[in-house]
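Reader: I have a structure here that I would like to talk through with you. Could we take it feature by feature?

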Amino acid sequence: MQQHSTHPSHEPALGRTVQSYIDERPSWPDGTPVPVTPMTTMQWRIWGLAAAGKFFEGLVVFMTGVAMPLIANEFGLGAVEHGVVGAASLAGILVGALLLGGLADQFGRKLMFIVEMVLFIIFLMLLSVAPSYVWLVIFLFGIGLALGCDYPTAHLIISESIPTSARGRLVLGAFAFQAVGALVGTGVGYVVLTFDPDVTAWRWMYAAAIIPAMIVLAGRFFVTESAPWLFARGRKHEAERETARLLQRKPTYPKKVVLSATRQVEAGASGWKALFDRRNRRATILASVPWFLQDLSTYGIGIFTPTILAAALGHDSGNARNIAEIIQNDIGAAEGAAMIDVLLIVGIIFAVALADRVGRVPLQILGFIGCAAGLLIASFSAYYDGTMGTALIFIGFMMFNFMTNLGPNAQTYLLAGEVFPTAIRGKGAGFAAAFAKMGAVLTAFGFPILLASIGQQALLYGLVVMSLLGAAVTWWFRIETTGVSLDAVGTHGHHAAKAPVPDSAIAEL
């Protein structure tokens, strides 16, 4: 079917922005524009390889919940050591997001996209043969470093390469693979325990991810560098070349990429202090504080769901009489956790469908309130014994998992990579992820201790309050980025308004 362009023939000579080329839409012979901007093979490749990184995060972090009873038994862990193991990878994510993720602004998105996967594979190999508790913690921390770098880098390499109109659903579509990884991680734990009912089976759980990670690493060498980042660094000709590679398709459009030579470099500082100046302070608070509050609940519940379910079902591994009972209890808890984790996927599917329609901020607020309701329902299990108590935990946790991925778990990640200008986008998204993981580390380390000292109900009440506070902070510092071009964010900061693709940005064919 033949297509033609209504794009003015003189405009390429004037030059345009990278995003305007990415947002181009062809038109049919009658002049009717195609309703959506077609994605190229390279754009889908970038998306798939970034989605794989989120998959590995969900796989490793949530599989730790299944592996934990076996690790605790092999190394004789107490409550404190138990908490350190749970928090180790999250602490690594904190440091990796802050230190390594910010390097994407200095050395480029692609280089860090590759480096993070190299680190992930190295530490995953070492973890599977960890000889002691201390080395176990070190290797888990190393895995976290790699996953932390992925938080800003994966978001940026997607969002700076795809059409504005599809940015929300595609970024969240990749993020959805964290939920897929969480479910698969629980499933891998179950399968490994079924075929190898031994206390050392946790090593095979982690080793199972090595070969898939190597395949992803190989693919990342063949993606384009972020053209907006190159242009922001003053590397105009390289940006034009990478834009052309990114948009290579049949039929060919644009015919030629000519970026604006007169476009002003984004105003403002580009160092870490820029995150807290008057221009970006609101964005920094919105990106980081609600994410911190969300992680307090999400990682605590996610990692320790098998432990809580085992206790609720009367299969507390701490009371097991032998290794066989520990493994059998762990299998039962893994089955229950897998049922609950399915709601993570359902929630993210709704988030993908609604993010570009309803908006990031409304979904985040609704999700926080829904999380509070789910945790409150789960807390009521303390008043009931037997079937009713177990049912309340399942219903509450399932509601929590659905609402967190519909709202704060998805939207905080999406907003963090959208509300900052290009020059500090990596630093901003990295800082937000690192600040959030402070909450994850606190809850992962403190959850088993608090669970033993103040009890499940009081702990859940505290998380209810944190969820409601997250809704309040989101509303107070709200910045809606739905439909806003990243060019507009770079130019106007948090004052950017919706910037639909102009008719003049129709593809030239």
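Here is our conversation about it, a few questions with their answers.

Author: Happy to help, and please keep in mind that this is a predicted model.

Reader: Great, let's start inside. Which helix gives the largest share of the largest nonpolar core?

Author: That core has 112 residues, and Phe56, Phe120, Leu136, Trp202, Met205 and Tyr206 touch the most other members. The largest share, 21 residues, comes from helix α3 (residues 41–75).

Reader: Leaving aside neighbours within four places in sequence, which residues is Phe56 in contact with?

Author: Phe56 is among the core residues that touch the most other members. Beyond those sequence neighbours, its contacts are Met117, Phe120, Leu147, Ala209, Pro212, Ala213 and Val216.

Reader: Now the charged pairs. How many residues apart are Arg425 and Glu160?

Author: The side chains of Arg425 and Glu160 meet in a salt bridge, 2.9 Å from N to O. Arg425 sits in helix α18 (residues 425–453), while Glu160 is in the loop between α7 (133–159) and α8 (167–195). The pair therefore links distant parts of the chain, with a separation of 265 residues.

Reader: Is Glu160 buried or exposed?

Author: Buried means under 20% relative accessible area. Glu160 has a relative accessibility of 1%, so Glu160 counts as buried.

Reader: And what is the N to O distance between Glu24 and Arg16?

Author: Glu24 and Arg16 are both buried. Their side chains meet in a salt bridge, one of 19 found in the whole structure. The N to O distance is 2.6 Å.

Reader: Which residues are buried in α12?

Author: Let's look first at what lies over them: the cover includes α2 (18–22), α3 and α11 (227–232). The buried residues of α12 are Ala239, Glu240, Glu242, Thr243 and Leu246.

Reader: In which loop does Pro251 lie?

Author: Most peptide bonds are trans. The bond from Lys250 to Pro251, however, is cis, with omega near -5°, and another cis bond joins Tyr253 and Pro254. Pro254 is found in the loop between α12 and α13. Pro251 also lies in the loop between α12 (236–246) and α13 (281–312).

Reader: Finally, the surface. Why can Tyr461 belong to a nonpolar patch there?

Author: Tyr461 is found in helix α19 (residues 456–476), and forms a patch with Leu376, Phe380, Tyr383, Tyr384 and Met388 that has about 580 Å² of accessible area together. A patch residue needs over 30% relative accessible area. Tyr461 qualifies on that count because its relative accessible area is 32%.

Definitions and conventions: Residues numbered from 1 in each chain as written. Predicted model: local features only at pLDDT ≥ 70, side-chain atom pairs only at ≥ 80, totals over all residues. Heavy atoms only, no water. Helix = DSSP H or I, 4+ residues; strand = E, 2+ residues; numbered from the N terminus. Patch = residues over 30% accessible without salt bridge, like charges linked within 9 Å, V, L, I, M, F, W, Y side chains within 5 Å. Areas by Shrake-Rupley, 256 points an atom, 1.4 Å probe, with all protein chains shown as cover. Salt bridge = Lys/Arg side-chain N within 4 Å of Asp/Glu carboxyl O. Buried < 20%, exposed > 50% of the residue type's maximum accessible area, 1.4 Å probe, protein only. Core = buried A, V, L, I, M, F, W, Y, C linked by side-chain atoms within 4.5 Å. Contact = heavy atoms within 4.5 Å.
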